[in-house]
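Visitor: Could you pick a single part here and take me through it slowly? I'm new to this, so plain words please.

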2 protein chains.
Amino acid sequence: MVHSSPFISDVPVADALQAWYDACAAAGCPDRVAADLVPLAEAAGRVTAEPIWATRSSPVSDVAAMDGIAVLAQDTHGAGPTSPLLLGADGYVVVDTGDPMPDGFDAVVMREQVHYVGADPKVDAEIRSAVPPYQHVRSIGEDISAGELLLPEGHRLRPVDLAAAAAAGATRVLVRRRPRVVVIPTGDEIVPVGSPVRRGEILDTNSLMLVAQAQEVGCEAWPTGIEPDDVERLRTAVRDAASTADLVIVIAGSSAGRDDYTARIVGELGTLAVHGVAVRPGHPVVLGAVDATPVVGVPGYPVSAALTFDIFVAPLLATLEGAAAAERPEITAKLARKLPSVVGMDDWVRVRLGSVGGQVVASPLPRGAGVLTSLVRADGLLLVPAGVEGHHAGEEVGVRLLRRLPEIERTIVAIGSHDLVVDVAATMLRGADPTLTLASSNVGSLGGLVALRDGLCHLAGSHLLHPATSEYTLPYLDELMPGRELAVIRLVHRDQGLLVPPGNPLGVTGLADLGERDLSYVNRQRGAGTRMLLDQELRKLAVDPSSVRGYAREEPTHLAVAAAIAAGRADCGLGILAAARAFGLDFVPVAEEPYDLVVAAPSLDDPLLTPLWELLHSADFHGAIAKLGGYNTTETGRRLR
Amino acid sequence: MVHSSPFISDVPVADALQAWYDACAAAGCPDRVAADLVPLAEAAGRVTAEPIWATRSSPVSDVAAMDGIAVLAQDTHGAGPTSPLLLGADGYVVVDTGDPMPDGFDAVVMREQVHYVGADPKVDAEIRSAVPPYQHVRSIGEDISAGELLLPEGHRLRPVDLAAAAAAGATRVLVRRRPRVVVIPTGDEIVPVGSPVRRGEILDTNSLMLVAQAQEVGCEAWPTGIEPDDVERLRTAVRDAASTADLVIVIAGSSAGRDDYTARIVGELGTLAVHGVAVRPGHPVVLGAVDATPVVGVPGYPVSAALTFDIFVAPLLATLEGAAAAERPEITAKLARKLPSVVGMDDWVRVRLGSVGGQVVASPLPRGAGVLTSLVRADGLLLVPAGVEGHHAGEEVGVRLLRRLPEIERTIVAIGSHDLVVDVAATMLRGADPTLTLASSNVGSLGGLVALRDGLCHLAGSHLLHPATSEYTLPYLDELMPGRELAVIRLVHRDQGLLVPPGNPLGVTGLADLGERDLSYVNRQRGAGTRMLLDQELRKLAVDPSSVRGYAREEPTHLAVAAAIAAGRADCGLGILAAARAFGLDFVPVAEEPYDLVVAAPSLDDPLLTPLWELLHSADFHGAIAKLGGYNTTETGRRLR
């Protein structure tokens, strides 16, 4: 069935896949790629195109299963611990494991239980126990019988299958050849990775990713050059690709309307089955066929492109190989916070997972289709189906795993304020122990303490100033978590200051300038320690926050504040020296503040966290921090509470 | 720490690994393989040798997140549904998604919400709603901020990581080179796969498997030629391999004592750390180092070789790459039958898994170290630790998965009598739907019915003759499962007959000969339908079973009976025509019997089994059965009850 009107939006996934498969069938696309006869040594990972029947038994004859002597069991009657029995030279044959049983013998006595008596050529074998027939004999066909089905068609061959196929008499096997995938990047603004990027140009990171995704599922894949926005050229490129590939992927560039282009060309050259699916991110997907080859148009936003591959392309490629697509295992996790979702769209939410106190917790990551790092950092995907409005905090949800559960269980989950020292700790821990991950989510100091209270993390990074006492972090613990046994470990002292454009063109000297001059400021979000510091300092200086231009403009991290200043959106903002350095900004020191790690007291003895506590006292770690600049490690590792 | 006396047997796994790692360190083996700087397009699957820090933000500037017009938000105040507002040509700039925000503009109005008024060059844009600053604008660094940690050291790069690294400014990344593994097969009796096998020779299936296992975990790996049993030559081969490889595997051939050889050479050339581990199968493992290269001697039994790779080699290779070894996910399953185990040895039991009635059930497979098909057919590994005596039937056990759970849930579990028609059904079902598996375990008809009763399978294949009624299968159901709603579907009628050597040299004419002549017989196990048929026929002929020579010698399948006759161990045995053909035997027909599938009645509507019921009525299936010979499909698919 080909859709009469393909130009429908918001097609549910199952319908879209079915419409695409139907259109491909109608357009004469092959069900399966062709088969190749390949030597076993080259067949790992390939899919059988026909069943493998055993043509040979294994073992091919009865064989000795032990080193020892082959005997006729009935000859051993009467042998016992107190009645040794002598077998003459004709009554036994020395055999090694794997040797065929000599004619006329039906059992093996282990080497350790035989004593030889006499001298060549007349050596008798003395045994001290009788044996039943077929003792220590592997029967012909014990492993494989000629004529049996070893492996069915449609089986992806593993190393052990190759060995068994060889034992069963095969030397070559008929397997599907790898599907060929051609990826066509498009767009006047797109430039290849590695070339200099001018203003308005965008790196072609998508074809790098999509080619690797196709290779990861067992295909040959390659990109074409980047096609400019020229219908005639793109038409030629699609047609050329369709003539050599088993599947063609057209990337829509960065422009939202670019998919129309692909849809139009697919419709003109072949069959357009679907244009627009009810999936977020990923919505403007194009599915069709050209010259008996499936064609898919993927959106230019990288998360959309990656998920479109997973949801639509990978299943079709698996079908072409005649194998099952690798489904991700699903686990149940507790949702860390409320998750609203739009009804009418399948919503694929990237989540971080952590195992805290025996409970797997899922924290949603940023949901923008352009935030590729949300996929890099994701441990799993949470599908909120089209019919569901979202989930409450604490709800149990199903999560498809992107990392294996044992790795997730070896992950220290840090939620709280962002500091580069935490990143340095993460990479040093991993470098020393590849099984250990320190995953940090940046939600500000207060957010981290709340997450710790709610059992969502192992540790919270905090530099939260308490205005009434001018102490950091500690006073909040009794307010937020009265009665909880908590430990507080000092990570570092660090300099906070005003980040200003290179050369400090406005001659900013400190926070007092905010009250005296019309500077535009970029702020951190509510609950961030840096914002508390600002508020405290403004109070001291008697500056009314509402008089500060840009006070309401919030950014979630130091680096984002630095980026905003580097982009010219603000004249200054409070942040750490490392952030200024990352963006080439100048730094006007304002205060030194402590940054501490808060944990449940029992975590001090948790083996998962032990390497972190050790790291805090290592000279290498202190050296790495010193290189960042703006830090003081005098108290690093000290327990404050 | 190097063990003072390495010649200890039954070393526990953790101790053995530690002793090996210590010996490698003492011998100067590198902690990690060297690092290569490789282009991103070649870096998928490789492990980072240093952290990847972002040197570039993404987006690099504030960009439009929608196609539309860039505006200054404050210019839009007052626009509303009933109060359209006109922006002059200087008051807006047309932007596409991804375009940098033009200077002086801070928000985007979507294309769909703009009407153009007037003619070139004076076109005004009419909007009907005010917008806040930064609406539909992606901020600089929204995805990646320059200076942030993108990925730590020790991370295996996935496609999405490559795209993010490119966006963060990388074009090449420093990754570990692939570890190099050399596999040395040894033994005078070992011959290469593909060569003719003479009596006493054994195919070198192990190096095929071990090379593929090493490649599967990301290594370069290759086999040397087969080394004969010559200490001098083997010494040279080990030393040569150690000079080029990061790890050397020596396969001990088939002989049980061959590991002594490897141990001796490793000890002479370098350090022997461990000889003999407390693991079954796998016991005679050799671990050591030669010329600053780790060397492992693996047993020749194929299951031992495969598991030794998993348990000892894979973790070391992962360490060399600086990555975590891929741990298998573990699930809980109900054990189908009692499982004794030897105390003092870790016992790795291969199990089949099936999801029956919402419960995952684990059925142990044959445990011999030579039964490679036990690993081919395994869905999981059940580790019975050294300190545990075994498990009871029905106990909940932890199973490490060799297949993904969604695949296991798409598996029809058949337990019962073996018939090739079931194999044909398995491969035809898979050919039509690659996600569907029909897994059959052969335990005889009665065993299958008991398994069905105990909820261990979806269907039981049975041809069990009821002597009192001369009916097949049906009378047993009320005896075994009174009150259960069962359905019985006819699979085929098939010929049973006496399998005899080619040319029928003894001129066997039928079962009557068993009473009249001194023929040796090979029997099936108790509970097998074929044995019931024999007993019934012998009763009819008034032949005393105890007078039949070989009556007590039991084989578990038709093919095993055929193999025994082909090996000359018996003159005849009852079985099916297909088994005779597989071994080139002659066939003396005795009876035609029905072979039926018994299922719980609700299974008739289970979507998992629907394709099987459809297959039973397909002409292709009937045609494939006809080709086997000895079958009659007249009643195939008929429901008897």
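**Where the two chains meet**

Guide: Put chain A and chain B together and they bury about 8,300 Å² between them, with 61% of it on carbon and sulfur atoms. (Buried area here is the accessible area, found with a 1.4 Å probe, that two parts lose on being put together, summed over both.) Keep in mind that this is a predicted model: local features need pLDDT of at least 70 and side-chain atom pairs pLDDT 80 or more, while totals for chains, interfaces and linings use all residues. Residues count from 1 along each chain as written, chains are lettered from A and ligands numbered from 1 in written order, and side-chain values use heavy atoms, without hydrogens or water.

Now look at the chain A side: Pro159(A), Leu208(A) and Val376(A) lose the most area to chain B, together 7% of what that side buries. As for who takes part, the contact (heavy atoms within 4.5 Å) draws 102 residues from chain A and 102 residues from chain B.

There are charged pairs across the join too. The count between the chains is four salt bridges, each being a side-chain nitrogen of Lys or Arg within 4 Å of a carboxyl oxygen of Asp or Glu. In one of them, Arg569(B) pairs with Asp62(A), and their closest N and O atoms are 2.2 Å apart.

Finally, the symmetry. Turn chain A by 180°, with 0.0 Å of shift along the axis, and it superposes on chain B with an RMSD of 0.1 Å (a least-squares fit on C-alpha atoms of residues with pLDDT of at least 70 in both). So the two copies are related as by a two-fold rotation axis. Within chain A, Pro329(A) has the C-alpha nearest that axis, 4.5 Å from it. Both copies use the same surface: 99% of chain A's contact residues recur in chain B.
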